Amino acid sequence: MRHRRAQTAPARRRTLTGLSPVLESALAGLLGLLVGVVVMAIYGYNPWAAIVALFSGAYGNAAGFANALAKATPLLLTALTFAICVRAGMFNIGAEGQLFMGTLAAVAVSLVTLPPGIGQIARLVLAMVVGALWSLVPALLKVTRGVSEVISTIMFNWIARWLALYLVLNILFDPLRAEKTISIPMSGRLPLLMGKTTLSVGFFVAIAFALVVYFVVWHTVVGYEIRAAGLNPTAAKYGGINSRRTMLLSFTLGGMAAGLAGACYVMGTPPTYSVFAGLPELTNLGFDGMAVAMVGRNHPIGIIFSAIFFGGLNAGGRAMQLRAGVPLDMVRVVNGTIVLAMAIPELIRILPMVKSGVRRMISSVRPRRGADSGDTPGDPDSSTSRGDATQEKERGA
Amino acid sequence: MNLSYFWMILILSLQAMVPLVLTAVGEIIGETAGLFNIGLEGILLMSAFTGVMGAQLGGPWVGLLTGMLTGGAISFIFSVITTRFKGSQMIAGIGINLFAIGFVAFGMAARGVSSLPQGKRLFAIQTPVGMGISPIVIVALVVPFIAYYFLKRTRAGLMLKAVGENPEAADVAGIDVLRVRLLATTFGGILAGLAGAYISVSWVGSMTKDISQGRGFIALATVVFSGLNPLLALVGGFIFGFFESLAVWIRNMPALKGIPTQFIAMAPYVVTLLVVAGAIGRVRFPKALGEPYKRE
Amino acid sequence: MSIREDVKATRAEYFLCARGITKVYGDGTLAVDDVTLDVRPGEILGMLGENGAGKTTLTKMLSGLLPPTRGQVLSPRGIVRFASPREALDFGIGMVHQHFALVGTFTAAENVALGHEHPFSRVRLEQTRSQLEKLIEESGLHVPLDVPVEKLAVGEQQRVEILKVLSRNVSLLILDEPTSVLTPVEVDVLFALLRRLRDAGKSIILITHKLREVSSVTERIVVLRRGRLVGDVTTRSVTRDQLAQLMVGETAAQTVGAAIELAEETQLLGQDEERTGPGILHVTELTVKGDTREVAVRDLSFDVHGGEVFGIAGVEGNGQSELVESLGGLRPAVHGRATIRGVDILGKDPRQIYQLGVAHVPEDRWKLGLVLPFTLAENAILGIQRWKEFCGFLGFLRKRRITAHVRQLMDRFGIQATGPNAPAKSLSGGNQQKLIVGRELAKDPAIIIAAQPTRGLDIGAAQYIRELLVEMRRKGRAILLVSADLDEILALSDRIAIMYEGRFVAIGRPSEFDRARIGLLMGGASVKEAA
């Protein structure tokens with residue numbers, strides 16, 4: 001009888017193939033839709049009509065798909081904000097505020113006249129800078145005073161919201177229509193990719209940024225250090241990596257992404273190419289971006305696909321509201337459920353666990369048979385023993 | 001500035017303090033046991049919503065009760081996900097917030113819930129200066145003391161602290177770590193639920209889809225400020241409540257009329273930042289806060 | 001006489017017995033293989049075995065916390081099976097773990113009270129206190145009762161652990177590697193207590209891998225190897241060599257025996273005065289503070305030369321970790337100087353220190369030495385990721401060169417893994433350590449600081465690492481070796497220093513010390529007392 005050595009995977013993630021994370025994301029997506037269906041039914045809507053409208057609106061035709069991609073653009077970028085910082089071991093909840101600031105930076109450039117070409121570039125760059133700065137302050141607070149970045153970024157979100165409101169109403173307002181900002185002039189707009197839709201070049205800008213992030217984080221030494229510090233700050237220190245630097249760098253990069261998101265939106269969205277007071281179109285894009293990031297497993301490539309999926313949900317939401325009468329906030333209900341489902345590690349294990357839990361409940365109701373301990377030999381379902389096994393092997397017992 | 005000014009400011013601040021204090025004390029109990037719930041904002045929102053629905057059906061007390069049940073239920077789910085399934089507390093909290101934002105907006109658009117008629121609102125205690133004050137304020141003043149006594153002087157409080165500091169030690173000592181965490185977080189959620197329902201049923205008297213205004217996060221900051229001491233949470237909550245109600249009473253002060261309302265509205269968040277930035281460093285949190293417990 | 005007959009004869013005299021218990025985990029690992037064993041009252045039973053032999057799994061089954069896959073654990077009252085450590089305690093089985101289950105911010109009294117009373121009654125600490133004071137008198141385990149436990153010394157913390165268990169009036173006391181954190185004097189106190197408990201009729205299981213200890217305090221010894229019970233003998237009837245042989249099996253026994261011999265005779269691997277080269281590391285009046293703001297390293301001065309192994313012996317917790325951390329750039333020093341080939345290193349960050357020719361094999365490979373989710377390739381450049389060889393234009397990583405580098409390491413050091421892109425956490429402990437050591441040696445360092453380099457490794461891997469160090473010595477490198485394994489220090493070092501409470505209480509050649517003297521010095525005796 002051999003004692004098998006722990007050569008393979010003592011503490012491995014319980015994924016047998018690379019496919020499993022994808023399966024988990026898919027499972028979470030399904031759960032989200034399921035809960036959405038239930039809520040709709042409770043409120044008296046026809047869930048199936050809603051689902052049909054949702055998906056056909058998003059993916060059913062070219063125009064719908066284009067709108068889906070347009071909606072995906074800011075989500076992709078705010079997701080990157082969250083994901084980059086998660087890789088560095090931090091939680092940047094501030095994409096919302098950073099996005100607002102980036103948007104207004106892009107609008108503010110309209111106060112000077114710039115030629116086309118320069119106009120777009122200046123706006124994008126300024127938006128990234130402003131977004132980065134708005135993100136950097138909480139990071140500095142964390143690094144110098146140990147302030148939880150979760151709390152500080154959220155506070156900055158609210159400060160940004162009020163600041164934005166002030167700027168929109170008092171400085172950047174459109175004299176003809178006071179409740180919105182001045183529109184971005186032709187020289188500052190991102191060209192549309194498809195007429196009658198909201199899809200602009202901004203989508204490609206976002207994709208390009210995502211690819212840049214991928215290369216930086218996974219193929220440069222700076223990215224290596226960020227990831228190492230995020231996974232094991234003590235070992236990173238041993239490896240000569242300065243965790244403070246990686247924190248600041250990741251927040252800067254994340255802020256750039258969020259600022260860019262706002263700029264791409266306002267520069268690429270007809271008909272007004274502006275934002276309204278209260279920022280209704282931009283609200284909650286930051287939070288939604290987090291859902292996108294999680295489903296995309298915090299990896300730029302995954303995030304691209306995840307953003308297209310969630311963009312589709314958002315675009316389809318409008319169709320759902322129009323055709324099935326379901327308020328499009330339902331989409332956020334689905335998003336929230338997906339995130340909750342993603343919070344559970346190894347979601348895919350839940351199903352067998354539920355099965356064995358039900359089995360146990362049934363057997364506890366039935367009368368016992370004999371005085372034995374009741375454990376069958378080699379019980380593979382017992383998650384406790386599995387946990388023991390991994391811990392045992394780690395300790396080399 | 002005459003005396004009635006002072007009373008007005010006091011009453012306004014106390015009213016604003018209530019949701020912060022209740023939520024913060026609830027979270028203190030949860031964090032002492034080791035669970036960090038960033039989803040408080042979502043709980044406030046949801047329970048404000050269900051509170052109004054309950055009040056419409058059965059009156060203000062039913063509304064408050066509904067809110068408490070909602071808060072308890074959400075926190076229960078949160079703690080099951082994070083303890084039994086060892087899920088990430090951060091992500092689960094974010095999920096709660098997202099879900100709540102969507103659900104409340106959806107529910108309001110679907111049903112058109114908005115303001116409560118006078119009869120369905122909670123009664124207000126009349127004060128000599130002509131402003132009413134909610135009786136829940138009394139609850140908010142008393143709860144911190146009860147919580148303080150509970151944590152410092154009872155056996156159960158000791159168990160809670162052990163679970164938060166070193167769950168292995170607590171487990172070995174025979175304490176059911178998962179159950180303690182479940183109970184602690186659920187109880188915290190009930191308090192937060194009361195806070196949410198208070199906002200809609202007692203204080204404001206109507207429901208809007210962003211009625212929570214970030215108070216859940218300010219409550220988290222209050223917790224940091226308090227160093228997990230419920231009495232300090234009362235102090236912190238009052239300070240933040242004071243700055244929140246600034247916008248209201250500042251309209252009555254001609255000297256400050258020039259400041260745009262938006263900057264005044266920013267005040268609570270800026271103050272929170274300053275307090276949190278100043279308070280860190282002297283605060284010690286339970287060692288196992290934020291980490292799921294795996295029994296070996 | 002077979003074991004079964006033995007059992008039948010004493011059937012009425014067992015506290016617990018295990019009959020053919022086997023444990024197979026869900027993923028197929030066979031941890032314990034058909035073990036039959038008695039635990040008797042009034043007896044100290046030693047459980048011997050290497051890391052991975054199954055000792056912890058076996059004791060978990062014996063204390064009822066883990067169900068056997070086959071077989072049963074019985075007591076005279078019936079089957080032994082509990083749902084929680086609390087139930088096991090109520091039954092009378094108490095375990096003192098290697099890693100203490102104490103709540104740091106609580107006092108000793110509060111920690112002991114934790115498991116006792118009903119949840120919602122008021123704290124009756126006074127009652128618990130007086131009971132506790134009585135228990136302290138009886139057991140001789142003195143410990144301050146009102147200090148937060150995290151401020152106590154490790155030995156005192158262990159006493160609180162033991163008191164916790166004793167206060168529940170257990171019949172079986174299991175101690176898992178209790179002496180690794182104690183000075184020789186504290187070990188004597190502990191063993192005296194164990195003997196008193198035994199005389200009072202309790203059963204005691206002492207889990208250890210130290211042959212010397214198991215021979216001195218037990219009546220009976222069981223030896224586990226790869227999950228099987230390969231020996232159940234009375235202590236008097238075996239020699240240490242025989243025990244070693246049982247523990248590791250035929251082929252490796254010679255290695256262990258050789259290591260023991262070397263330690264016994266304190267011979268060196270090539271003691272040769274002329275061979276030592278120029279001074280590499282010079283430390284002057286180094287003072288370092290520990291985590292608890294107390295001074296951990298006091299005014300230390302010493303040199304390490306090329307071609308020599310300078311070994312620091314001592315019980316863990318006397319400042320060795322802090323010393324290594326300060327030399328490695330992970331902890332600031334309060335006072336003093338340290339230079340590598342004349343260049344100051346204190347206050348520099350690790351990368352700068354590595355560039356000066358320092359290699360550091362850290363004592364905790366999971367916390368410090370590796371980023372476990374990273375691949376082997378990524379771990380292989382930890383610390384040297386910015387070398388021109390691995391990182392090029394615009395900071396892009398030269399993946400091909402990195403892969404070649406790690407393949408070289410895998411070949412040279414025999415690291416077993418599925419490939420350079422396997423996650424580091426999929427490797428066994430031995431292979432992980434080889435990766436770290438290989439990575440450090442590949443830096444072509446002038447000095448190697450090795451902290452507990454063979455901890456937790458099986459005999460084969462440990463010996464391999466030791467041989468690598470010896471080879472480095474032969475090549476003229478300086479080696480600073482810190483180890484809690486005295487045999488290892490004595491076998492490998494040209495000079496040793498014994499560290500106690502932050503100071504070197506003695507420095508000299510291994511031949512100048514005998515074990516008794518070392519033991520006393522490790523325990524804090526002054527040089528004169530130990531002479």
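**Exercise 1. Is C:Lys164 buried or exposed, going by its relative accessibility? Work out its setting in helix H6 of chain C as well.**

Keep in mind throughout that this is a predicted model.

Step 1. Start with the accessibility: C:Lys164 comes out at 12%. The cut-off for buried is under 20%, so C:Lys164 counts as buried.

Step 2. Look for a charged partner. C:Lys164 makes a salt bridge with C:Glu161, and their closest N and O atoms are 3.3 Å apart.

Step 3. Place the pair. Both residues sit in helix H6 (residues 154-166) of chain C, and because they are three residues apart, about one helical turn separates them.

Step 4. Check the partner. C:Glu161 has 2% relative accessibility, so it counts as buried too.

**Exercise 2. Take the salt bridge between A:Glu24 and A:Arg297 and find which parts of chain A it ties together.**

Step 1. Get the distance: the closest N and O atoms of A:Glu24 and A:Arg297 are 3.8 Å apart.

Step 2. Locate the two ends. A:Glu24 belongs to helix H1 (residues 20-42), while A:Arg297 is in the loop between H11 and helix H12 (300-324). The pair therefore ties together parts that lie 273 residues apart in sequence.

Step 3. Look at the cover. A:Glu24 is buried at 9% relative accessibility, whereas A:Arg297 is partly exposed at 30%.

**Exercise 3. Do the same for C:Asp444 and C:Arg477, then put the salt bridges in context.**

Step 1. The side chains of C:Asp444 and C:Arg477 meet at 2.8 Å, N to O.

Step 2. Both ends are in loops. C:Asp444 lies between helix H16 (429-441) and E17 of chain C, and C:Arg477 lies between H17 and strand E18 (478-482), so to speak a link between distant parts of the chain, 33 residues apart.

Step 3. On accessibility, C:Asp444 is exposed at 54%, but C:Arg477 counts as buried at 19%.

Step 4. Now zoom out. Over all chains the structure has 29 salt bridges. In chain C, some of them form a network that links C:Arg19, C:Asp38, C:Arg40, C:Glu43, C:Arg220 and C:Asp232.

**Exercise 4. Describe the interface of chain B and chain A, starting from its residue contacts.**

Step 1. Count the residues: 50 from chain B are in contact with 53 from chain A.

Step 2. Add the area. The two chains bury about 4400 Å² between them, and 80% of that is on carbon and sulfur atoms. On the chain B side, B:Leu98, B:Phe106 and B:Gln262 supply 16% of the area buried against chain A, more than any other three residues.

Step 3. Look for polar links. Zero salt bridges turn up across this interface, and two residue pairs are in polar contact.

Step 4. Assign the chain B side to its helices. H2 (40-58), H3 (60-84), H4 (89-111), H9 (215-226) and H11 (261-279) each supply at least two residues. H4 of chain B gives the most, with 18 residues.

Step 5. Sort by class: the side of chain B that touches chain A has 33 nonpolar, 11 polar and six charged residues.

**Exercise 5. Pick out the unusual backbone geometry at A:Pro271, B:Gln213 and C:Gln452.**

Step 1. Recall the background: most residues other than glycine have a negative phi, and most peptide bonds are trans.

Step 2. In chain A, the bond from A:Pro270 to A:Pro271 is cis, with omega near 0 degrees. A:Pro271 is in the loop between helix H10 (243-268) and helix H11 (285-295).

Step 3. B:Gln213 has a positive phi of about 50 degrees without being a glycine. It sits in the loop between helix H8 (177-204) and H9 of chain B, and is partly exposed at 24%.

Step 4. C:Gln452, also not a glycine, has a positive phi of about 45 degrees. Its loop runs between strand E17 (447-451) and helix H17 (459-474) of chain C, and C:Gln452 is buried at 8%.

**Exercise 6. How many helices and strands are there in chain C, and where does C:Asp176 fit in?**

Step 1. Chain C has 20 helices and 20 strands. Of its 531 residues, 57% count as buried.

Step 2. C:Asp176 belongs to strand E7 (residues 172-176) and is buried, with a relative accessible area of 8%.

Step 3. Leaving out residues up to four places away in sequence, C:Asp176 touches C:Thr56, C:Met95, C:Val96, C:His97, C:Gln98 and C:Ile207.

Note on methods:
Residues are numbered from 1 along each chain as its sequence is written. Chains are lettered from A and ligands numbered from 1 in the order in which they are written. This is a predicted model: local features need pLDDT of at least 70, side-chain atom pairs count only at pLDDT 80 or more; totals for chains, interfaces and linings use all residues. Side-chain values use heavy atoms; hydrogens and water are left out. Contact means heavy atoms within 4.5 Å. Buried area is the accessible area (1.4 Å probe) that two parts lose on being put together, summed over both. A salt bridge is a side-chain nitrogen of Lys or Arg within 4 Å of a carboxyl oxygen of Asp or Glu. A polar contact is a pair of N or O atoms within 3.5 Å; within protein, one must be able to donate a hydrogen and the other to accept it, and residues adjacent in sequence count only if both atoms are side-chain atoms. Helices (H or I, at least four residues) and strands (E, at least two) are DSSP runs, numbered from the N terminus. Ala, Val, Leu, Ile, Met, Phe, Trp, Tyr, Cys and Pro count as nonpolar, Asp, Glu, Lys and Arg as charged, and the others, Gly among them, as polar. Buried means under 20% relative accessible area, exposed over 50%, partly exposed in between (1.4 Å probe, protein chains only).
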